[in-house]
Amino acid sequence: NDNSSRFGKYIQLQFDVEDVTMAAYSGRSIPNCILAGSKCEVYLLEKSRVVGHEEEERAYHVFYQLLAAPEDIKRDLWEGLEGTDNESFKYVGWTDTDTIEGKTDGERFELTLKALALVGVEGEKLKMLMRSICIVLQLGNLVFEPDENDEERADISNKEELEKLATLMGVTQEDIKNSLTLRTVRARNEEYKVPLNTVKAKDSCDAFAKEIYAKAFLWLVRTINDATCAEKNYNGDKDDDFGIIALLDIFGFESFETNRFEQLCINYANEKLQQKFTQDIFRSVQTEYEYEGIELGEITYDDNVDVLNLVEGRMGLIAVLNEECVRPKGNDNAFVNKIQTMNKDQSCLFIEKSFHEYEFGVNHYAGPVVYDANNFVTKNMDSLPSDLMDCAHKSTNDIVSKELENEAMMNSLKPAPRHSKKGAKPQLKRAGSSLISATVWTKFKNQLGALMANLGQTRSRYIRCIKPNTQKKPRIMQHISTTEQLRCAGVVAAVTISRSAFPNRLEHEIVMSRFKSLWIKGAHHATVEDGDDGEPKDQMREDVEILLDNALQCLEVEKGGTVVRAFVIGKTRAYFRAGALEHLESERLKGLSDWAVEVQRMGRGFTKRSQYLRMRASAIKGAAKMRRFVARRKFLRLKYACIILQCWARCNMAAVELNELRRNHMATMIQTHWRMKVAEAMLKKSIAATVLIQAQARGAIQRPKYQADLIEKREEAKLENQLKALQRKLEEAEARRIEAEKKAAAQPTVVYREAEVARGEKVEEETGEKEEVAAPALSDEEGPSVDVASEAATSSMVGPSGLTAQQQTLMDESGKMLEYLRKEVFKLRSQNTQLRTDFDLLKENNQRLMDANASAGASFAALNQHAKQLNKTNAKLMAEVSNYKQQLQKMNIVNLEIKEELKMKQATYVAEVHSRLQYQKTMARIVQMVEDRCRDSRLVEDVLAESDECEDEYMSGPTGMSTPSRRSIFSDAFSSPQPTSDDPASEAGVMGRFKSFFSS
């Protein structure tokens, strides 16, 4: 059972029931009901499962769900949960089950959070609840070892886990340590601390964890009841007195190899329920017999009153155990001795010689159970030591600090009263004596009594849950375990009661329909006389009585002068004594066999007749198919011959047409090639003529331009030559002038005049030459020429005798000529500048055309080179393709060889895997032997760690065979250094060293 609740629960659905009078006024015989709410009561939570469970079982699901939650949620609840799993907490441990009914623990945690949110447990409440569960898990990680100074005193060795627990609870480490390892003892007016050994300290830690979990569970029950009960959530007219439909889901009878205090309480509850179940069954049988009008004789059944007296009596188990709990030196062995002494006359209590002094047995309704009384007194006290309670009160978790003493299953419906005066102290109740405080069994007895009282006021229905197999698989029935469950559930006892007087019963209609074949021919049928008020049911009853009286007459027995029939007729049913129904069934089978022969005769005749008709129809159908086959075969032969003739005729016609098409095609091809050749010749002539015409046209266009440019070039060259000649002459004249000035300074005036006259003539000659030639470049020498003339004129005027009229006229004409020449030079310079600009533009266009031509040539050369390279690459690729084909053939041969080699390697690998599996099994047996025989938990953990490390190192290799073997690494980790091969001790192996280790 993957979802056993491990506690008893009494769920009550609360209904707002309409008043009967109001329903009658409305014409309804049954009042209306409205579901108003629900509440739940719980019994005997299995707290022991918190700290330990069987290997094939799991602890409570919330532990696994919390550890499987997403990391961000775990971090938000408590930082210590981040990165943890089941093996991080000793109370949980490893499990091979992480999926239940198709959902993983992580998915079910999400469903748990949604369910808690529905009842208002979310936010800080959810965090408080989950942190209280984390406190339970963390308590299990504490390790207690003897103190270094005092072996009888326990100390917590793993400080990191203690620090995590202190942070989680909000309590100092010292307070937790003292509460778990010390116990406060009060004697009169004094109190002192007594240290606990490791065993008692661990028991105290486990008790603390179980109590926190139990109180967190009760807190959740109260929260759910607050969210669902009608008293707090229903808005109808009624406040109280709701109608109830309840479901009691409580633990079944338990009998294990070792039965402790919890099993005794559970079986006591089952004894109480079995008593009510037996009484209800007996009452139902009695009611049925009275309704049917049958006299109820003495019905014997097993009653369990003696077991309940043994448990609840004045000297019973509860009273003796409570006495031992309040006695200063009460213990479990004394409890066993006392119940044996005080209940010698009780047959349901047995103690055998082979029992230990702490064992006793009880004969329950489901069978005998032997109980182990160890810790009965401690478990019955149900109170944490004051040290642990003080430590819990200091916690910042409200469930731990405030709820450990709250045993209620519902919060109070009325708010707590407020004190009228400020500062007034609430009235405190006087503390009761610890000698009369309620124990666990007393509380459970009171709860059970109240539950039985509630059940007594209801109309009970019983549902027995039977587990058909232990494999949790469908369609498998384990009969032994199923029968045992039926016996433990009291079903066998109920069947025994109901079958004690009349084992079998059938309704009148069923009797008539099943056994009417036994009716004796000519027997009287019941009839309704005129004037009687008989009904069909009475007729049926009389007919059944006549039928059974005739059929069972041979079974009648005479007792004390009275004939006792084998059956009794009730109002609606017929009741049979033992053996009567079996006799009727046997007689019915005999009659049915006779009728079966007749039915078989008719059936065989019908079968044979049907076979004949089917064979006749088949013969007709076969003949028709044969005739159809023959006719179809003739038709197909004629059809085939026609198709052959048609094919031959079509072939001849197609051959003639093909020859004609070939002639036409050849003629067409000849005409096409002739026209193509003629067109190509005409195209070539046209291209040549076009090129010639284009050349002539371009020459005619460019020739005048060329001649004009040539003339212009010649003029420019002539002008440049004249300009250079004129410039040279001016330079010579300037040189002569300078030389004349020098001579004039040294010679007389006459000489100066002669020189001036000669110079004037020279100027006239130069002026004449200037008129003939128009040189644009004279403007560059204009300034010096003018200066020379002006200087000459000035010098002549400055002379002592002055210039003549002729010379003056000559000078004026020279000035005019110079002015004209200056204008011409400016004009020629402008033309020259324009020509230079046009020349630069033409030169730039020419350069651009030359660059484009060079780029086109380079592109053509590059394309030509690329084409050559492609040809080379193509040839190379063809060579490589042929080479690859040869290599492919070689690789096919190599592939075949590799396949053969792989087959050989596969066989080798399979052998290695088999050896690996054998090795793993041997390693598992070694580790199991270490876990079973070694008592040192640290050594066991080290062994498991080394084993995992060996496995990891092996898996790092390709097959695990190249890495060091697990056995050698394992032996290196736990034994002395390996001796050499010459040492005889090396032959002992790992098994020898482990055997010597465990024997020592």
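**Exercise 1. A loop residue with positive phi**

Find where Glu 101 is placed, and decide whether Glu 101 is buried or exposed.

*Solution.* Step 1: Glu 101 sits in the loop between strand S3 (99–100) and strand S4 (103–104). Helices (H or I, at least four residues) and strands (E, at least two) are DSSP runs, numbered from the N terminus. Step 2: the phi of Glu 101 is near 55 degrees, a positive value in a residue other than glycine. Step 3: Glu 101 has 63% relative accessibility and therefore counts as exposed. The classes are buried for under 20% relative accessible area, exposed for over 50%, and partly exposed in between (1.4 Å probe, protein chains only).

A word on the model before you go on: it is predicted, so local features need pLDDT of at least 70 and side-chain atom pairs count only at pLDDT 80 or more, while totals for chains, interfaces and linings use all residues. Residues are numbered from 1 along each chain as its sequence is written, and side-chain values use heavy atoms, with hydrogens and water left out.

Now try Lys 472: in which loop does it lie?

*Solution.* Step 1: look between helix H18 (440–456) and helix H19 (479–488), where the loop holds Lys 472. Step 2: Lys 472 has a positive phi of about 60 degrees, although it is not a glycine. Step 3: with a relative accessible area of 52%, Lys 472 is exposed.

**Exercise 2. Salt bridges**

How many salt bridges does the structure hold?

*Solution.* Step 1: apply the rule, a side-chain nitrogen of Lys or Arg within 4 Å of a carboxyl oxygen of Asp or Glu. The reasoning is that side chains of opposite charge can pair when their charged atoms come close. Step 2: the structure holds 42 salt bridges.

Which parts of the chain does the pair of Lys 39 and Glu 231 link?

*Solution.* Step 1: the side chains of Lys 39 and Glu 231 meet in a salt bridge at 3.8 Å, N to O. Step 2: this pair links distant parts of the chain, with Lys 39 in strand S2 (residues 33–43) and Glu 231 in helix H10 (residues 230–233), 192 residues apart. Step 3: Glu 231 is partly exposed at 26% relative accessibility.

Do the matching analysis for Asp 175 and Lys 394.

*Solution.* Step 1: Asp 175 forms a salt bridge with Lys 394, and the closest N and O atoms are 3.5 Å apart. Step 2: the pair joins distant parts of the chain, since Asp 175 is in helix H8 (residues 173–181) and Lys 394 is in the loop between helix H16 (386–393) and helix H17 (398–402), 219 residues apart. Step 3: Asp 175 counts as partly exposed at 24% relative accessibility, and Lys 394 is partly exposed with a relative accessible area of 48%.

Finally, name the residues of a salt-bridge network that includes Arg 6.

*Solution.* Arg 6, Glu 46, Arg 49 and Glu 57 are linked in such a network.

**Exercise 3. Aromatic rings**

What is the geometry of the pair formed by Tyr 234 and Phe 242?

*Solution.* Step 1: rings of Phe, Tyr and Trp (its six-membered ring) pair if their centres lie within 6.5 Å; planes under 30 degrees apart count as stacked, over 60 as edge-to-face and the rest as tilted. Step 2: this rule gives 18 aromatic pairs. Step 3: Tyr 234 and Phe 242 are edge-to-face, at 6.1 Å centre to centre with 75 degrees between the planes. Step 4: Phe 242 is buried at 10% relative accessibility.

Which residues join Trp 441 in one aromatic cluster?

*Solution.* They are Phe 261, Tyr 268, Phe 335, Phe 360, Tyr 371, Phe 376 and Phe 444.

**Exercise 4. Surface patches**

Pick out a patch of negative charge and a positive one, and place a residue from each.

*Solution.* Step 1: patches are made of residues with over 30% relative accessible area and no salt bridge, with like charges joined within 9 Å and nonpolar side chains (Val, Leu, Ile, Met, Phe, Trp, Tyr) within 5 Å. Step 2: Glu 54, Glu 55, Glu 56, Glu 257, Glu 931 and Asp 932 gather in the negative patch. Asp 932 belongs to helix H26 (residues 805–933) and is exposed, with a relative accessible area of 55%. Step 3: Lys 621, Lys 625, Arg 628, Arg 632 and Lys 639 form the positive patch. Lys 639 is in helix H23 (residues 580–746) and counts as partly exposed at 43% relative accessibility.

Note on methods
Accessible areas come from the Shrake-Rupley method with a 1.4 Å probe; for residues, only the protein chains shown count as cover. Lys and Arg count as positive and Asp and Glu as negative; His and the chain ends are not counted. The place of a charge is taken as NZ of Lys, CZ of Arg, CG of Asp or CD of Glu.
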